[in-house]
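Here is a short report for the bench. Please keep the sequence and the 3D view open while reading.

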There are 2 protein chains.
Amino acid sequence: MTAIDFAAFVDELATVSGETILPFFRTSLTVDNKKPGGFDPVTAADRAAENAMRALIRRTFPGHGIVGEEYGNERTDAEYVWALDPIDGTKSFINGMPTWGTLIGLLRLGEPVFGMMHQPFMRERFSGDGGAAHYRGPGGKRDLRVRPCAAIEDALLQTTSPLLMNEADRAAFRRVEQNVKLSRYGGDCYAYCMLACGHIDLVIETELKPHDILPLIPIITGAGGIVTSWDNGSPHAGGRVVAAGDKRVHRAALEILNRKNQ
Amino acid sequence: MTAIDFAAFVDELATVSGETILPFFRTSLTVDNKKPGGFDPVTAADRAAENAMRALIRRTFPGHGIVGEEYGNERTDAEYVWALDPIDGTKSFINGMPTWGTLIGLLRLGEPVFGMMHQPFMRERFSGDGGAAHYRGPGGKRDLRVRPCAAIEDALLQTTSPLLMNEADRAAFRRVEQNVKLSRYGGDCYAYCMLACGHIDLVIETELKPHDILPLIPIITGAGGIVTSWDNGSPHAGGRVVAAGDKRVHRAALEILNRKNQ
């Protein structure tokens, strides 16, 4: 069984999670704080959607493992492991902004082989398997392809918020920011999908959890892009991540990020 | 003729502009730079939509004035003057992000009496006349109402980007940011509408043009919110603007913004 056989099942997971989440969007929510003193909202929608997806996975593929945002890990030594983030961009969700999404990833022997970002409010699905990437939405279907960008000076950069970075990382990010054509904030998972669509050239973030990035990797690479850690290693563990549509921009961004303080 | 009679006509303007803009969204665009060295994209969509709206206004109300982003002012001494911004959030538009909108405002004797923010990709319309405000979208229709927020420490703050502010304004903004519960970036006109919906409590921006804010004023005030300049004056001219859902948060934000440097 190859990864591509799972595409229809991922669509089913996306439909189930979207139907679970959408009634909660732009309504009064009970917001819990995971970290005392911090603002890391977990909504009832987040939990309900992860429960619904976990139940469907267990029922359909009882031998598969699951790594989820809300309910932890199970059977992570299985051949196939699902990475779930029901609401990536919970702060956007709370603010009523539509730029959040449901992340569903499938790993085989530790490698992300299929991923989807589903935005149920806008009815958009971005998916990829590392070899190709696709979009379905109100405007129809199409293949996703990154765009060429020869120099970092021409690049459009996006990050969710510099406020999410520690001081040292923020200083390194600011150096990149000073070298690009335009830097914009906001977006969470949506920004990586705009990179896969060829609208932006560079996404730089920190403090990511594995489930924040794993489902996006096959979309980014399927569209012809590149995604690594800041030290040019595997991005699978999350943390500090650089995604680019063009490897020349990727190389330039890594060089600037890793420059010693000037 | 009272302002409310114009509601159906504003819907028509929104439909015409949306049909004009949408085919350009997420396609290759010719991006001009208005300012040499700056990045202030003007798209073909922006111009075509303003032309379409101007033509419809001239045909229907030949005596009305128009203030537009792309094609300047005409008959600004007329009793009724339209304020048009076909794509508020051009940078989001260019980046493929959906959080831009078409702003259509109507002034009578210089006072904004009706406004609409139309997001054609998501098929959402936010409108207001200073006395009430309404939403139509995929989830149906509803009245807009700001939410109470007693203290700035509980407030969710949004701004498009601190990078758009000059250094002194950014320092003042940072002081507010340190006092709120959560600060988020991005959104342009969309953020003010989320305030009118009661999802966020505070929007602080600078460098606004009159057409960036005039159409939003009747939506914000119609939903029960307040919007002024940073010195608590009229926001009609744009510039530095503070919008809040609760006047207690508005007052606290003004106090912090106008504090002498600490």
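Which strands of chain B does helix 5 (residues 189-196) of chain B lie across? Helix 5 of chain B crosses strand 11, strand 13 and strand 15 of chain B. Its direction is at about 150° to strand 13 of chain B. The model behind this report is predicted.

**The five-stranded sheet of chain B**

The strands under helix 5 belong to an open sheet of 5 strands, in the order 12-11-13-15-14 (chain B). The pairing is mixed. Strand 12 (182-185) and strand 14 of chain B are the edge strands, and each pairs on one side only. On average, neighbouring strands of this sheet are turned by 20° against each other, direction ignored.

Within the sheet, strand 11 (residues 156-159) and strand 13 (residues 202-208) of chain B run parallel and are joined by 2 bridges. Q158(B) has V203(B) in strand 13 of chain B as its bridge partner.

Helix 4 (residues 167-177) of chain B also lies across strands of chain B: strand 11, strand 12, strand 13 and strand 15. Helix 4 runs at about 135° to strand 12 of chain B.

**Strand 11 in chain A**

In a regular strand the side chains alternate between the two faces of the sheet. Strand 11 (residues 156-159) of chain A is covered on both faces. L156(A) and Q158(A) are buried on one side. L157(A) and T159(A) are buried on the other. Strand 11 of chain A pairs with strand 12 (residues 182-185) of chain A in the parallel sense, over 4 bridges. There, L157(A) stands opposite S183(A) of strand 12.

**The eight-stranded sheet of chain A**

Chain A has an open sheet of 8 strands with mixed pairing, in the order 4-3-5-6-7-8-9-10. Strand 4 (72-74) and strand 10 (140-143) of chain A stand at the edges with a single partner strand each, so one side of each has no neighbour in the sheet. Neighbouring strands here are turned by 15° against each other on average, direction ignored.

Strand 6 (residues 101-108) and strand 7 (residues 111-119) of chain A run antiparallel, joined by 7 bridges. I104(A) has M116(A) in strand 7 as its bridge partner. Helix 2 (residues 44-60) of chain A packs on this sheet. Helix 2 touches strand 3 (65-68), strand 4, strand 5 (80-88) and strand 6 of chain A, and its direction makes about 160° with that of strand 5.

The strand pairs described above are set out here.

| Strand pair | Sense | Bridges |
|---|---|---|
| Strand 11 and strand 13, chain B | parallel | 2 bridges |
| Strand 11 and strand 12, chain A | parallel | 4 bridges |
| Strand 6 and strand 7, chain A | antiparallel | 7 bridges |

**Cores and single residues**

In soluble globular proteins, nonpolar side chains tend to be buried together. The largest nonpolar core in this model has 94 residues. F126(A), L216(A), F126(B) and L216(B) have the most contacts inside it. Leaving out residues up to four places away in sequence, F126(A) touches residues including M116(A), Y135(A), L144(A), Y190(A), M194(A) and I219(A). Another core lies apart from it, with 40 residues, among them I152(A), F173(A), L157(B) and I256(B).

Is R54(B) buried or exposed? R54(B) is buried, because its relative accessible area is 1%. R54(B) sits in helix 2 (residues 44-60) of chain B. Beyond its neighbours within four places in sequence, its contacts include Y71(B), E74(B) and L84(B).

N232(A) has a positive phi of about 65°, although it is not a glycine. It lies in the loop between strand 14 (226-229) and strand 15 (239-244) of chain A. N232(A) is partly exposed, with a relative accessible area of 49%. N232(B) also has a positive phi, near 65°.

**How the two chains meet**

A turn of 180° and a shift of 0.0 Å along the axis lay chain A on chain B with an RMSD of 0.0 Å. That is the relation of a two-fold axis. The same surface serves both copies, as 100% of the contact residues of chain A recur in chain B.

In the interface, 36 residues of chain A are in contact with 37 residues of chain B. The area buried between the chains is about 3,100 Å², and carbon and sulfur atoms give 64% of it. R26(A), N95(A) and R184(A) supply 22% of the area that chain A buries against chain B, more than any other three residues.

Notes. Residues numbered from 1 in each chain as written. Chains lettered and ligands numbered in written order. Predicted model: local features only at pLDDT ≥ 70, side-chain atom pairs only at ≥ 80, totals over all residues. Heavy atoms only, no water. Buried < 20%, exposed > 50% of the residue type's maximum accessible area, 1.4 Å probe, protein only. Core = buried A, V, L, I, M, F, W, Y, C linked by side-chain atoms within 4.5 Å. Contact = heavy atoms within 4.5 Å. Least-squares fit on C-alpha atoms with pLDDT ≥ 70 in both. Pairing = 2+ DSSP bridges. Axes fitted to C-alpha atoms, helices over the stretch in contact; angles between N-to-C directions. Buried area = accessible area lost by both parts, 1.4 Å probe.
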